[in-house]
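Please find below some notes on the model, set out as numbered points for discussion. They begin with one sheet and move on to charged pairs and a surface patch.

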Amino acid sequence: MFGRKKQPAAVKRRTSLDQPKRSISWLAFVKPLLALCGVLLGYSLYSNWQAVLESFDRTPIRAYALTHKTQFTTNADIREFLAAEPALKGYFGQNIDEVEQKLQAIPWVKAVVARKLWPDRLSLTLFEYQPVAVWNDNHFVSSQGEVFTLPANRASKEGLPILYGPDSEGKRVLEAWTKIKADLTSRHLGLKSVAIDNRGSWSITLDNNVQLRLGRGEWTPKIDRFVAIFPHISVPENKRLAYVDLRYEHGAAVGFGPQF
């Protein structure tokens, strides 16, 4: 009898010891699955974060504010270039580099700094080229030698130096203007324009519309030669001195044109 009573108690003890083992085994199986699901969810959010943010956009960007007054750029210009493809998106979806690239396509805009303002606006800072000389009659050149265009009614050419040449030579021709003008001023001569052709040959026009063809190389001795021979040039009646060709090693050739 005593043996029969002890047997059920032993069974109960085995049952109570087995239960924690089953629980630990179940958790060991589930925890890696939960960790894997967490990793997959995190990766999905990371790889699609832009799409997730764009889902919060209700309307595209539809307004802007300039940080300072522009000299040449109008609101109509800004709206026109912002309206170019691709169309503007919402606050989260809009790539700010795209906005800056659109506005830098304006020919007289040098650089742009753009920021997004919640919920649907842009803050824009536009840096414009400043014209210091006329380039090839229809364009302008900046103080750094960058060639750019401006609408005809937005900048005056009055009083600006007149320069000619390939667009890649803007800085070089502008520097030459400064040096030649100073040289001529010391000789009591005025300068109207400076030009360089594709072969690197220089010519200048004085303020009396006489062209000096200087060619390549140093121009100072050639201008010295012009100053020496100019008083001795005999101009035919009803004619004017049109050019003096100083590309020769010695002397010069002259040409005449009709009077204005």
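1. The model is predicted, and the points that follow should be read with that in mind. Four bridges join strand β1 to strand β3, which covers residues 121-128, and these two strands run parallel. Within this pairing, Leu66 stands opposite Leu124 of β3.

2. The sheet to which these strands belong is open and has three strands, in the order β1-β3-β2, with mixed pairing. Its edges are formed by β1 (63-66) and β2 (109-117), each of which pairs on one side only. From one strand to the next the twist averages 30°.

3. Two helices lie across this sheet, and each can be described by the strands it crosses. Helix α3, residues 75-82, lies across β1 and β3 and runs at about 135° to β1, while helix α4, residues 96-104, lies across β2 and β3 and runs at about 145° to β2.

4. Thr125 is a useful residue from which to look at the sheet, and its place is in strand β3. With a relative accessible area of 16%, Thr125 falls under the 20% limit and therefore counts as buried. Leaving aside neighbours within four places in sequence, Thr125 is in contact with Thr67, His68, Ala111, Val112 and Val113. Of these contacts, Ala111, Val112 and Val113 fall within the residue range of β2. Thr67 is 58 residues away from Thr125 along the chain, yet their C-alpha atoms are separated by 5.5 Å.

5. How many salt bridges does a search of the whole structure find? The search finds eight, and one of them is formed by Asp120 and Arg62, whose closest N and O atoms are 2.7 Å apart. Because Asp120 lies in the loop between β2 and β3, and Arg62 in the loop between α2 (49-54) and β1, the pair ties together parts that are 58 residues apart in sequence. The two partners differ in their exposure: Asp120 is buried, at a relative accessible area of 12%, whereas Arg62 is exposed, at 62%.

6. A further salt bridge involves one of the helices already described. Asp77 pairs with Arg154, the closest N and O atoms being 2.5 Å apart. Asp77 belongs to helix α3 and Arg154 to the loop between β6 (147-148) and β7 (162-164), so this pair connects parts that are 77 residues apart in sequence. Asp77 is buried, with 8% relative accessibility, and Arg154 is partly exposed, with a relative accessible area of 27%.

7. The side chains of Arg247 and Asp245 also meet in a salt bridge, with an N to O distance of 2.6 Å. Is each partner buried or partly exposed? Arg247 counts as partly exposed at 45% relative accessibility, whereas Asp245, with a relative accessible area of 5%, is buried. Elsewhere, Asp183, Arg187 and Asp224 are joined into one network by salt bridges that share partners.

8. The last point concerns the surface, where Val235, Val254 and Phe256 form a nonpolar patch with about 210 Å² of accessible area together. Val235 is placed in the loop between α6 (220-229) and β11 (239-245). At 37% relative accessibility, Val235 counts as partly exposed, and because patch members need over 30% relative accessible area, this value is enough for Val235 to meet that requirement.

Technical notes
Residues numbered from 1 in each chain as written. Predicted model: local features only at pLDDT ≥ 70, side-chain atom pairs only at ≥ 80, totals over all residues. Heavy atoms only, no water. Pairing = 2+ DSSP bridges. Axes fitted to C-alpha atoms, helices over the stretch in contact; angles between N-to-C directions. Contact = heavy atoms within 4.5 Å. Patch = residues over 30% accessible without salt bridge, like charges linked within 9 Å, V, L, I, M, F, W, Y side chains within 5 Å. Areas by Shrake-Rupley, 256 points an atom, 1.4 Å probe, with all protein chains shown as cover. Salt bridge = Lys/Arg side-chain N within 4 Å of Asp/Glu carboxyl O. Buried < 20%, exposed > 50% of the residue type's maximum accessible area, 1.4 Å probe, protein only.
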